[in-house]
Amino acid sequence: MLARTLSLPVAPPPSALCAATSPSGGGTCAGQGEVRGAKLILATTTPGEAEIFASLQGEGASVGRPSVFVRLSRCNLACQWCDTAYTWRFDGDNRPHRDNRAFARAANQIGLSAAEVAERIVGLGIPRLVVTGGEPLLQAPALAQMLALVRARGIAHVEVETNGTIAPPPALDALIDQYNVSPKLAHSGNPADLALIPARLAQWAADPRALFKFVIASRADLAEVAALAQTHGIAPDRLFVMPEGTDSATLRQRSAWLAPAALAAGWRFSDRLHIHLYGDTRGT
Ligand code: SF4
């Protein structure tokens, strides 16, 4: 849709790929086949088509910015309202979800090398990248390889969306400009000891690159946000509240009480622009 060509640097030779990938991803680059790097497991838009696309960032601090999105598959949580359950709720997974739908793994995952993913990102010609999921930090080594490659080819800003339960290893962390951390509240249905890990939250709160985004379904969720902000010292200007919803009518209905609540608390408010523009569809 927004694909266009930027005057990004040309692809580095294989030797440069090795130099870029080995320190962060552990690849040996000893032979030509290994130059392609570790595999990332991505979500799909349709079977066999990786979910890599150009769109406008729909949430949080970068809303409206043209960006390339890469959606990685797999998650370590299971939110009952998750709008990307096709990244984790595969056949045989009976954890609660409001749609109670399970997905065929083979049709909803695809493995691509870090180099192949990097090539597709650069080909879209936009110098901002958003890595989303699923939970992207589950694939840290291959993700670091991929980010090193796109950094070398003109991607100037990298955002990673995470549920905040996993610490990024240093080699990956060094390649990321912004974390959109979305800790999951009680209404997500996840056990608190899995979703809200105090040491992790404290680390994110201490990292100025981390912006917090809380998904809010009811007024009762706001007290939980306030308690987490106080416990972990999350500054109000780094804290977004965003309505839960996958259609415009629901988002508007919840925004009507959430926006004034954000104003009263001094927090930031985020809508979900992509839902209004495109609906709840893959690849947008
Ligand atoms: S953490 Fe995100 S991707 Fe994982 S289940 Fe929850 S909403 Fe879905």
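Tutor: Helices (H or I, at least four residues) and strands (E, at least two) are DSSP runs, numbered from the N terminus. This is a predicted model, in which local features need pLDDT of at least 70 and side-chain atom pairs count only at pLDDT 80 or more, while totals for chains, interfaces and linings use all residues. Residues are numbered from 1 along each chain as its sequence is written.

Student: How many helices and strands does the protein chain have?

Tutor: The runs just defined are counted along the protein chain, whose length is 284 residues. The count comes to ten helices and eleven strands.

Student: Is E159 buried or exposed?

Tutor: E159 has its place in strand β7, which covers residues 157-162. A residue is buried if 20 or more other C-beta atoms, placed from the backbone, lie within 10 Å of its own, exposed if 12 or fewer do, and partly exposed in between. Because E159 has 23 C-beta neighbours inside 10 Å, it counts as buried.

Student: Which residues does E159 touch, leaving aside those up to four places away in sequence?

Tutor: Two residues are in contact if their C-beta atoms, placed from the backbone, lie within 7 Å. The C-alpha atoms of E159 and R128, which are 31 residues apart along the chain, are separated by 8.0 Å. When residues up to four places away in sequence are not counted, E159 touches S62, V130, D177, Q178 and N180.

Student: What share of the contacts with a separation of 6 or more comes from residues 24 or more positions apart?

Tutor: Contacts in the protein chain can be sorted by how far apart the two partners are in sequence, and here the set begins at a separation of 6 or more. Within that set, residues 24 or more positions apart account for 72%.

Student: Why do the buried residues of helix α7 lie on the same side?

Tutor: In helix α7, which covers residues 198-206, the residues L201, W204 and A205 are buried. The explanation is an arc, taken from the directions that run from the helix axis to the C-beta atoms. L201, W204 and A205 lie on the same side of α7 because they cover an arc of only 100°.

Student: Which residues are exposed on the other side of α7, and what does the cover of its buried residues include?

Tutor: On the other side of α7, the exposed residues are A199 and A206. As for the buried residues of α7, what covers them includes β8 (178-181), β9 (210-216) and α8 (220-232).

Student: Which residues have the most contacts inside the largest nonpolar core?

Tutor: A nonpolar core is a set of buried Ala, Val, Leu, Ile, Met, Phe, Trp, Tyr and Cys residues joined through C-beta atoms within 7 Å. The largest such core has 67 residues, and those with the most contacts inside it are V70, I121 and M146.

Student: Which helix gives the largest share of this core?

Tutor: M146 touches L40, A114, V117 and A118, not counting residues up to four places away in sequence. The largest share of the core, eight residues, comes from helix α4 (residues 140-151).

Student: Which strands are at the edges of the open sheet of three strands?

Tutor: Two strands pair if DSSP finds at least two bridges between them. The three strands of this open sheet stand in the order β2-β1-β5, with antiparallel pairing, and five bridges join β1 (residues 39-46) to β5. Each edge strand pairs on one side only, and these strands are β2 (49-50) and β5 (109-113).

Student: Why is strand β10 largely enclosed by the rest of the structure?

Tutor: On one side of β10 are L239, V241 and P243, on the other are F240 and M242, and all of them are buried, which leaves both faces covered. β10 also runs parallel to β9, joined to it by five bridges. Strand β10 (residues 239-243) is largely enclosed because the number of its five residues that are buried is five.

Student: Which of the 13 residues around the ligand come nearest?

Tutor: A residue is near a molecule if its C-beta atom, placed from the backbone, lies within 6 Å of it. The shell around the ligand divides into six nonpolar, five polar and two charged residues, where Ala, Val, Leu, Ile, Met, Phe, Trp, Tyr, Cys and Pro count as nonpolar, Asp, Glu, Lys and Arg as charged, and the others, Gly among them, as polar. Those that come nearest are C75, L77, C79, C82 and N163.
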